[in-house]
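Biologist: Before we discuss this model, I would like every label you use to be set against the criterion behind it. Could you show me the structure and then take my questions in turn?

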Amino acid sequence: MVAQAEGQEAPAGKATYDKWCAGCHGEEGAGDGVAATYMLPQPRDFTTALYQIRTTASGELPTDGDILRMIDEGMPGSAMPGWKDYLSNTERTDLVQYLKTFSRFFEDEVPPPVEYGGAPGVSEEGLAEGREFYDKIECWKCHGQAGRGDGPSAPTLEDDWDLPVRAADLTEGWNFNGGYTTEAIFSRLMTGLNGAPMPSFADLIDAEFMTEEQLWRVAQYVESLSPEMPEVREVVRAALVETLPATVDDPAWNQIERFYVPLVGQVIIEPRWFAPTVDGVWVQAAHDSERVALRFTWNDPSESPSAEWEEWRQRVVSVMQPTVETTVSTAEEEATGDGEPEVGELLPDALTVQFSTTIPEGMKRPYFLMGDQDEPVYLLNWSSGGDTSEALGRGMNAIEAIAGETVLVSESTFDEGQRRLLLSRALTLEGANRLVFETGRPIPMAIFAWDGSNGESGTQGAISTWYFLYLDQPTENITYVFPMLAVLLTAVLGVVIVTRAQRGAHGAGPGSGSD
Amino acid sequence: MDHPLKQILALVVVLGISVATACGGGGGGETTDGEADGGAPAAAGSVVSPDSAATINGTVSFEGTAPAAEPIDMSEEPTCAEKHPDGAVRQQVAVTDGRLANVYVYVKSGLGDRAFPTPSAPVTLDQSGCRYSPHIVAIQAGQSLAIMNSDGILHNINTQPTENRGFNISQPVVMETSREFSRPEVMIPVKCDVHGWMQAFIGVQGHPYASVSGADGLFSLADLPPGEYEIEVWHELYGTQSQTVTIGVKETAEVSFTFNSDMAGNHVPMGEPLVLR
């Protein structure tokens, strides 16, 4: 409670806080604003003074600079935006002081930042040493062997508020709460994330188990796992190839361009979903004038259906939908007292790729959430539960299968927290509402993804906006003729000029007499 | 790595014995089977004259049938599973012959504004067989907590106090780390995020009069100044109980507490959030 005597001026920062922050963090800073209900991770409770991103030791209070940095840059990977461009310097520095009034801990002295030297230069050997220590200090226990947040302890992680929390996917540095420069990562390793399971590793240096330089190597290795934040392009190009890649992991896919499609939770149609697992899908496409093949690659720490992740699902659902019964168990199991659900009852992973039923003229497209009554969409559905189907969507809750023999070929693999899926279909199919993939025309395309182990199905999953799939046209011969002609003409001209010049220099050549 | 650890262990054992001796027996601090080893009581400060020091001895009983100890599946961690040939169980309700172990007991009030020196000997919290030993720790504010990893596999020690600043540190190898808490707090949960079943509780007092009931359900608070005290006992599932005890010069008082499984729904107090001005 920030007591305020009547007639006394409100503390600096209060007006800004009430206007921009209280909606999520609550009027008294307890992280219980009206918008907090639907968030995971939830807004920070400032009364505990547990700040994740700090320069001070594990458990300690943050410096003013730490709090300001968080306000300025926001918390990537969460709902917290950066405010640097929206609030003035004074507003932001006043906010820092105001946030501190929510906890009596700030009457204690704030310790100085943890001291350390600079990063060593990056080298192949250094990265190998980083990996070696990634194993030795068991980062993989939570973050997984490939760093995708799929380690054996990942399904059990809880924060200080007993809420389920993900081990960071180290291959998506742009989602790191504190940024993904080498120094930011090193600072997290040194100081940990207060309130989260991520501990500090600083004591390992004190105990001489490893040197500071070796911890820098770990930071450099972690940084190396993540590419730059992928650029989002509106058009996914399907290259024309002689032979389509035959399988989902055919090395031929390595020659085909990747396009990143970001996904967000479906929050328009009830029941909504605010905590999707899949935040982006890489799409690759190719066709051979007969068939089109699409390959989708996305990170998901759980291979659903998964008994290992069932407790996680229950915890997520109990936070996101407190009124829903979370346990999956049949009456029979209840009778025998065996609460362990059968794998068959658990939710699968699923992906749907959505197209318009016909290629529209101009920019008009059906409603992006699986169409509506007036304008349906054409859906290709895949599920790790074994179903692959074509369907017609007239809204998320009005999906009907397209009758007829299965024409869709699908293959999926899952390893180290990554799912790869191949879907392939003939460009032209008989029957109404079956999209004909024409070359040389932009075809509206959108993606939906569900992580069963996160409690996702139906309207509760991740969605994209509309993109376009563009199938390359067969290159016509005329395209080759003109450049060839140009080259030939230049060559002929060159020969002519050189010959003429030579004649000029040496007088009439041996053959000139016959001219 | 074995040698230094053994030396540390030996040192800790020696210190533990000397501390226990200095406290006049230590009572519940001793362990019999490792299932229910309470933390040794902190060394009493020298503020109490030996001519007047009094003692409160107590018994914690459990009435009725104790719930079966919850088994822990340690198959993912063979290093730890090997240390429990008969299968590992949780230490929440440790009942032997009607006596309840792992109950934190402390003087809640009655000491007035006496100040007590901080003991120089550390209190040990070990991680062994993917469990904490002891399960309940009694420590004094400012006293060093020596956190050990005897398993040599990754543990993180994530303390979640409300009135103190906590810490969350990684110990991926056999090693020892020291930390302390600055304010009294009953109780501070400790967890390991790698092994979700690992749980300990730390009680912090501004004085040395705190202990943990042993496997025999016994505890002892020695070297008390004569006076009237509120003695509280705390159990992680069954909540708290308290009694007022008056002791005179060099007297020894006996108290007893009884828990039963109907208390499982009781409120279990943890640290109180610090109140703003």
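Modeller: In chain B of this predicted model, an open sheet of 4 strands runs in the order E16-E6-E18-E19 with antiparallel pairing, where strands (E, at least two residues) and helices (H or I, at least four residues) are DSSP runs numbered from the N terminus.

Biologist: What makes strand E16 (210-212) and strand E19 (239-247) of chain B the edge strands?

Modeller: Strands count as paired if DSSP finds at least two bridges between them, and E16(B) and E19(B) are called edge strands because each of them pairs on one side only. Neighbouring strands of this sheet are turned by 25 degrees against each other on average, with direction ignored; axes here are lines fitted to C-alpha atoms, for helices over the stretch in contact, and angles run from 0 to 180 degrees between N-to-C directions.

Biologist: How do you know that strand E6 (residues 104-109) of chain B and E16(B) are joined?

Modeller: DSSP finds 3 bridges between E6(B) and E16(B), which run antiparallel, and the pairing criterion is therefore met. One of the bridge partners can be named, since Val105(B) has Ser211(B) in E16(B) as its partner.

Biologist: What makes strand E14 (residues 467-471) of chain A an alternating strand?

Modeller: Tyr467(A), Leu469(A) and Leu471(A) point to one face and are buried, whereas Phe468(A) and Tyr470(A) point to the other face and are not. A residue is called buried if 20 or more other C-beta atoms, placed from the backbone, lie within 10 Å of its own, exposed if 12 or fewer do, and partly exposed in between.

Biologist: Which strands pair with E14(A), and in which sense?

Modeller: Strand E1 (residues 235-240) of chain A pairs with E14(A) in the parallel sense over 4 bridges, with Val236(A) opposite Leu469(A). Strand E12 (residues 442-450) of chain A pairs with E14(A) in the antiparallel sense over 4 bridges, and there Pro442(A) stands opposite Tyr470(A).

Biologist: Which residues of helix H2 (residues 64-73) of chain A are called buried, and what covers them?

Modeller: Asp66(A), Ile67(A), Arg69(A), Met70(A) and Ile71(A) satisfy the burial criterion, and what covers the buried residues of H2(A) includes helix H3 (89-100) of chain A. Just after H2(A), Gly74(A) takes a positive phi of about 75 degrees.

Biologist: How do you know that chains A and B touch?

Modeller: Two residues are in contact if their C-beta atoms, placed from the backbone, lie within 7 Å, and on that criterion 26 residues of chain A are in contact with 23 residues of chain B. The side of chain A that touches chain B divides into 12 nonpolar, 7 polar and 7 charged residues, with Ala, Val, Leu, Ile, Met, Phe, Trp, Tyr, Cys and Pro counted as nonpolar, Asp, Glu, Lys and Arg as charged, and the others, Gly among them, as polar.

Biologist: What is the confidence in chain A, and where does it stay under 50?

Modeller: On pLDDT, the predictor's confidence in each residue from 0 to 100, chain A averages 90, and 90% of its residues score at least 70. The value stays under 50 over residues 329-343 of chain A, which have 12 contacts beyond four places in sequence, and also over residues 507-515 of chain A, which have 3 such contacts.

Biologist: Which conventions apply to the numbering and to the confidence limits?

Modeller: Residues are numbered from 1 along each chain as its sequence is written, while chains are lettered from A and ligands numbered from 1 in the order in which they are written. As the model is predicted, local features need pLDDT of at least 70 and side-chain atom pairs count only at pLDDT 80 or more, whereas totals for chains, interfaces and linings use all residues.
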